[in-house]
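I opened this one to look at helix packing, chain contacts and overall spread. Here are my notes, in the order I took them.

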Amino acid sequence: MMTHATHVLRVVLVVAALGVGGLAAQRLLKPASFGEVGHYRKDSVYEIMSHEPVHQGREACAECHEDIHALHDKDIHYGVECEDCHGPGNLHVRHHTEDTPTVSEEEALMPMEYTLEGCLFCHRKLAARPTNFPQIDPTEHYKFLHVTDNTTRCIECHSPHEPIYLLAKVNEARIHPVIHQCEDCHDGKPEKDHREVEGHPVIFTCRDCHKAIVEDFETHEHAFMDCTACHLFHAENENAGRIFKNGNGKFCLLCHEKKPFKDGEAVPQIVSSEHLAEMAPDLNMTPEEISHHSRACLDCHFDFIHDSELIKKGVIVDVQ
Amino acid sequence: MEGFVFPNETHVTWSVMIVMYPYITGLVAGAFIVSSLYHVFGFEQLRQIGRFSLVSAFFFLLFAPVPLLNHLGRPERAFNIMITPNFRSAMSGFGFVYAIYTGIVFLEIWFHYRADFIDRWNRAKGLPRKLYYLLLLGGTTRTPETDRVDHAIVKTLAGVGIPIALVLHGYVGFLFGSIKANPWWSTPLMFIIFICSALVSGVSVLIFLFQFVTWLRRIPVDQAALDTLARFLWGFMIVAVSLELMEILSVAYEQTARWAVLKDLINGRLWFTYVILQILICSLVPFLLLAVRNLFRLPTRVGNFLIFISAGLLLLQVLLMRWNVVIGGQLLSKSYRGFTSYLPGIWDKEGLFVAALILIIPFLLLREFDRLFPFFTTPTREITQM
Amino acid sequence: MSSEAERTSSRRRFLQYALYGAGGLCVGSVTVLGNPEDVPQVPSIEDLHAFEWGFLVDTTRCIGCGSCVRACKLENHVPETYFRTWVERYEIDEDETITVDSPDGALESFKANSVQTKKVVKAFFVPKLCNHCVNSACTQVCPVGASYHTPDGVVLVDQDHCVGCGYCVQACPYGSRYIDHEKGVADKCTLCYHRIHKGLSPACVDACPREARLHGNLKDPKSRIRAVLHERRYSLLKPDMGTNPKCYYIGLDMEVK
């Protein structure tokens, strides 16, 4: 009987040997730490955990660039990370902190001048963006500001670290109920006032509480503008937000500073350094002292906006 | 690109290689089942086909992992699937099932051809003689008793191999069918649909080759075998196509959320390859041809010609089915809002030329095997019935 | 080769134990003797069990600027045309037709409204990323155990073990995964695993100028993420898939899949 099946036995032995060999190979080739915690290589957890972070975070920037950081923190871009515009800081930090240099000066350089397109990543007007988020259509914006060169970058007027030259720190601005413009819901200005429309949702517009000021404002040169262009409102939830007063002279210069890419005829423009030099003798201050005085323009030019006397008289809120 | 696809979906991850793989394992499963019909279920008329289908299955099997290895991002780590298999994954079975099944087919061939190997060993000299000796593991005795043992083993292996062959191909179906994220793939029926269409492709390829070779060599066709195969082909294809159609008709009827995107897929990207080619030309036509052939009395040559055409069309049908499933499923976006596109390059690493090579080479190897151990001449070594 | 590999792996194990032991001694002694804050703590597996990382996206705050997409790309060296995170935009016009887009994942934000010929009545952005599902499909289907859950609930890919089969990419219902063609392995959002254990936030969370993204420990009853989840109404993407995702969405519109 055995002689008939010896060839079978040999086959069985070969197969068994392969099987045992396979098992042995599996034991040997199984990676270290595999299966210790779950069906995976435990070492992988620590390998991935130990990768070096690339973005450093604003605290790292603040360690050396405290002044810019303080300025940036005060203004409306406080929520924007330094590295969002300047790129990751890992090479820069390494170059400036390590004892033996592994990163060259060139590699450590971080881009400083943001392009027009870069600003528009956030600020381009899009239907999908919340209406209370500051956004522009570049063509319309330039037209409004009488800017003639449409390749003008935003940073020619707006400082990225201090975009709106706020007087007070952002989170120290006053709480204010949410205000709406007609255009938030309507196409263009409707004929009737919202209070005359039955069933109109309850909203606050500036006129509702500040009638005297608004009516006065409409008699002066800046009447074509929105209150919120200077009194920036930042909604924090559906009901309330903060209102920024903005008497900062640098804000006025956004429109009124003479620039080569602006049409000088449409808007009265000055060259601020020349203007300050002119004013200095009358005010008995140096031009530097005047420019550091934050309210600068408003101290003389308030009446172009609305009657400063009303505020001095305490007439701010006159609720209807 | 059409509509909206997720940003990562612009790339089609599973290429034409992953179309070839289930196609080839389908040919394997089908060919093996035919072989087992003879060895296990006693279909005597399939005797001549029996060996041929077994060896075909083996060569297709050898080439089955090639498209997979070509596709893997890290083919050098391919053995991880056997070193650290995650048995919750349908794909993890591949390593073991494939290894075991290849072993079974190889052994079945070994035991089946032992007589021929011994014969060759006797007549060979020098290196070939040593190789045959090694192949035979030194067992060069042949007696009627050893023949009986070999025969019994072949029968056992053929029987044991049937469920394993079904798993080897079926797990691919299950793999697709269990991907709940993809509305074109996700169905409990996918496992059985793949198996049934595998049987169709396996029988088709055997018929096609059989008829082609007998025509080429001008040897008389084994009509009994062909008749049996044609009947099985017709039967398998009815089951396979019915399942495929029932699956899609049931989704179309229930109109759950996924129907909208599937309808757009069928009417759009897949209109030509699925509706026109797969269903109309390559399913309906062979069904009718085989029906005519099987139900009506026709002259043998006409009947055989209809079988040949049907087999060819069905080979194409199964390939199209794999394409429509694998590629079709990746054309639609999981956002349910759009479609991407896929056109394999000809000379790409995972392109059409490589796909064609992978399909053709097993046939060339089969031809070489035939030179050594002819399939279709009158058997000269009829010492015992095998 | 066999005994060499055995010796190497047992050497490796010895070194590991020695390192952890030494590390433990250091931590212990410094806690007693020195300022614990100076020692970089590598959490043990047991320590990790105290965390279950979750993520929150407030779609009402997103402005689609793409800062998160850019930050993630740079932080994690994400290859071009692939995304670990992206922002989708949905625009509904006056005929109630919905247009969805995500140009290059919003890497360079959006250049114009999608719908130009009609009035847009409703539109919003939806940031997307890996949901780090509790019952993830991707880890279930990985044939080699390269895709896994860490003890603290983050789904990671062991790129030294992955074979690049792509099964996980197919299985993910959210399109969060891709094959990194240069490395030949699967890749996806790691929740900045290399940052969160150093007290940092994921790069996308930091980068967002609108605080639309938040990450946190769901096991910590005092975490901000838990607080927001208790305050606001939230939902999940494709809850019917049974993946139990841990990325919570505030203000998720039903049109978002």
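Before looking at any pair, I wrote down the handedness rule: a crossing is left-handed if the near helix is turned anticlockwise from the far one by less than a right angle, and right-handed if clockwise. I also kept in mind that this is a predicted model.

**Entry 1: α8 and α12 of chain B**

I started with helix α8 (residues 190–216) of chain B and helix α12 (residues 300–331) of chain B. By the rule above, α8(B) and α12(B) make a left-handed crossing. I looked up their geometry next: the axes come within 8 Å and cross at roughly 140°. An angle over 145 degrees would count as roughly antiparallel, so α8(B) is oblique to α12(B).

Which residues of α8(B) meet α12(B)? I listed Ser197(B), Val200(B), Ser201(B), Ser204(B), Val205(B), Ile207(B), Phe208(B) and Gln211(B). Their partners in α12(B) include Asn304(B), Phe308(B), Gly312(B), Leu315(B) and Met321(B). Sorted by class, this contact has 11 nonpolar, six polar and no charged residues.

**Entry 2: α1 and α7 of chain B**

My second pair was helix α1 (residues 17–39) of chain B with helix α7 (residues 144–177) of chain B, whose axes lie 9 Å apart at an angle of about 155°. That angle makes α1(B) roughly antiparallel to α7(B). I found a left-handed crossing here where α1(B) passes α7(B).

From α1(B), the residues in the contact include Pro22(B), Gly26(B), Ala29(B), Phe32(B), Ser36(B) and His39(B). From α7(B), I noted Val154(B), Lys155(B), Gly159(B), Ile162(B), His169(B) and Val172(B) among them. The contact of α1(B) with α7(B) holds 12 nonpolar, eight polar and one charged residues.

**Entry 3: Glu2 of chain B**

I then went to Glu2(B), which sits in strand β1 (residues 2–3) of chain B. Is Glu2(B) buried, partly exposed or exposed? I got 14 C-beta neighbours inside 10 Å, so Glu2(B) counts as partly exposed. Leaving out residues up to four places away in sequence, Glu2(B) touches Gly338(B) and Phe339(B). I also checked Phe41(B), 39 residues away along the chain: its C-alpha atom and that of Glu2(B) are separated by 52 Å.

**Entry 4: where chain C meets its partners**

For chains B and C, I found 35 residues from chain C and 31 residues from chain B in the contact. On the chain C side, β3 (98–101), α4 (137–141), α5 (167–171) and β7 (178–180) each supply at least two residues. The largest share there, four residues, comes from α5(C). This side of chain C divides into 21 nonpolar, 11 polar and three charged residues.

For chains A and C, the contact takes 31 residues from chain A and 47 residues from chain C. On the chain A side, α2 (42–49) and α8 (116–123) each supply at least two residues, and the largest share, four residues, comes from α2(A). I sorted this side of chain A into 18 nonpolar, eight polar and five charged residues.

**Entry 5: chain A as a whole**

I counted 17 helices and three strands in chain A. Its radius of gyration is 33 Å, well over the 20 Å that the globule rule gives for 320 residues, so chain A is more spread out than a compact globule. Along the principal axes, the C-alpha atoms of chain A fill a box of roughly 120 × 65 × 35 Å. Of the 320 residues of chain A, 18% count as buried. My last look-up was sequence separation: among contacts in chain A between residues at least 6 apart in sequence, 61% join residues at least 24 apart.

Conventions
Residues numbered from 1 in each chain as written. Chains lettered and ligands numbered in written order. Predicted model: local features only at pLDDT ≥ 70, side-chain atom pairs only at ≥ 80, totals over all residues. Axes fitted to C-alpha atoms, helices over the stretch in contact; angles between N-to-C directions. Parallel < 35°, antiparallel > 145°, perpendicular 65-115°, else oblique. Contact = placed C-beta atoms within 7 Å. Nonpolar A, V, L, I, M, F, W, Y, C, P; charged D, E, K, R; others polar. Rg over C-alpha atoms; globule rule 2.2 N^0.38 Å. Buried ≥ 20, exposed ≤ 12 C-beta atoms within 10 Å, placed from the backbone.
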